[in-house]
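This briefing covers one helix, the pocket beside it and a few individual residues. The points are grouped by topic after the structure.

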Amino acid sequence: SGEKILSVEIDVSLKRRFIEEKMTGKPPNEALTLSEAVCGNFAFSHSVAFSRAVENISCMEISEIAKNYRIIGM
């Protein structure tokens with residue numbers, strides 16, 4: 001079953017990119033582009049996470065079709 005991980009220390013300063021500061025005050029479409037560029041391997045998941053955050057604070061409901069496209073993309 002593998003080895004147990006007994007503890008984890010996270011060093012958040014390792015790759016500090018100041019993304020929060022860069023996104024503050026930007027319109028959602030510009031911030032979305034930045035969220036995709038943070039890490040190429042996770043561009044889609046980052047953009048979906050950002051979009052969902054904007055939708056949640058705006059109380060927006062997306063269509064089932066859009067939800068399905070996100071699932072396929074993931």
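Helix 3 buries four named positions: Ser-47, Val-48, Ser-51 and Glu-55. They share one side of helix 3, because the arc they cover around the axis is only 100°. The model is predicted, and the points below start from this helix and move on to the pocket that it helps to line.

**Helix 3**

- An α-helix has 3.6 residues a turn, so residues three or four places apart point the same way.
- The buried residues of helix 3 pack against two other helices, namely helix 2 (28–37) and helix 4.
- On the face turned away from this buried side, helix 3 carries the exposed residues Asn-56 and Ile-57.
- Helix 3 contains 15 residues, and from its first C-alpha to its last it reaches 21 Å, close to the 21 Å expected at 1.5 Å a residue.

**Glu-55 and Phe-50, two residues of helix 3**

- Glu-55 belongs to helix 3 and counts as buried because its relative accessibility is 12%, where buried means under 20%.
- Leaving out residues up to four places away in sequence, Glu-55 touches Met-60, Ile-62 and Arg-70.
- Phe-50 is also a residue of helix 3.
- Beyond its neighbours within four places in sequence, Phe-50 is in contact with Met-23, Pro-28, Ala-31, Leu-32 and Ser-35.
- Phe-50 and Thr-33 are 17 residues apart along the chain, and their C-alpha atoms are separated by 9.9 Å.

**After helix 3: Cys-59**

- Cys-59 follows helix 3 and sits in the loop between helix 3 and helix 4.
- The phi of Cys-59 is positive, about 55°, although this residue is not a glycine.
- Cys-59 counts as exposed because its relative accessibility is 73%, where exposed means over 50%.

**Helix 4: Arg-70 and Gly-73**

- Arg-70 is part of helix 4, which runs over residues 64–73.
- With 17% relative accessibility, Arg-70 falls under the 20% limit and therefore counts as buried.
- Apart from residues up to four places away in sequence, Arg-70 touches Phe-44, Val-48, Ser-51, Arg-52, Glu-55 and Ile-62.
- Among these partners of Arg-70 are Val-48, Ser-51 and Glu-55, which are listed with the buried residues of helix 3.
- Gly-73 lies in helix 4 as well, and it counts as partly exposed because its relative accessibility is 44%.
- From C-alpha to C-alpha, Gly-73 and Val-48 are 9.6 Å apart in space, with their positions 25 residues apart in sequence.

**The largest pocket**

- Rolling a probe the size of a water molecule over the atoms shows where empty space is left.
- The volume of the largest pocket is about 180 Å³.
- Its lining is formed by Val-48, Arg-52, Glu-55, Asn-56, Met-60, Glu-61, Ile-62, Lys-67, Arg-70, Ile-71 and Met-74.
- By type, the lining residues of the largest pocket divide into 5 nonpolar, 1 polar and 5 charged.
- Helix 3 and helix 4 each supply at least two residues of this lining, and helix 3 gives the most, with 4 residues.
- Two residues of the lining, Glu-55 and Arg-70, touch one another.

Note on methods. Residues are numbered from 1 along each chain as its sequence is written. This is a predicted model: local features need pLDDT of at least 70, side-chain atom pairs count only at pLDDT 80 or more; totals for chains, interfaces and linings use all residues. Side-chain values use heavy atoms; hydrogens and water are left out. Buried means under 20% relative accessible area, exposed over 50%, partly exposed in between (1.4 Å probe, protein chains only). Contact means heavy atoms within 4.5 Å. On a 1 Å grid over the protein atoms alone, a cavity is a set of points where a 1.4 Å probe fits but cannot get out, and a pocket is an open set with protein on both sides within 12 Å along at least five of seven lines; lining residues have an atom within 4 Å of a point. Grid points are joined across faces, edges and corners, and a volume is the space filled by probe spheres set on the points. Ala, Val, Leu, Ile, Met, Phe, Trp, Tyr, Cys and Pro count as nonpolar, Asp, Glu, Lys and Arg as charged, and the others, Gly among them, as polar. The expected span of a helix is 1.5 Å times one less than its number of residues. The arc is that of the directions from the helix axis to the C-beta atoms.
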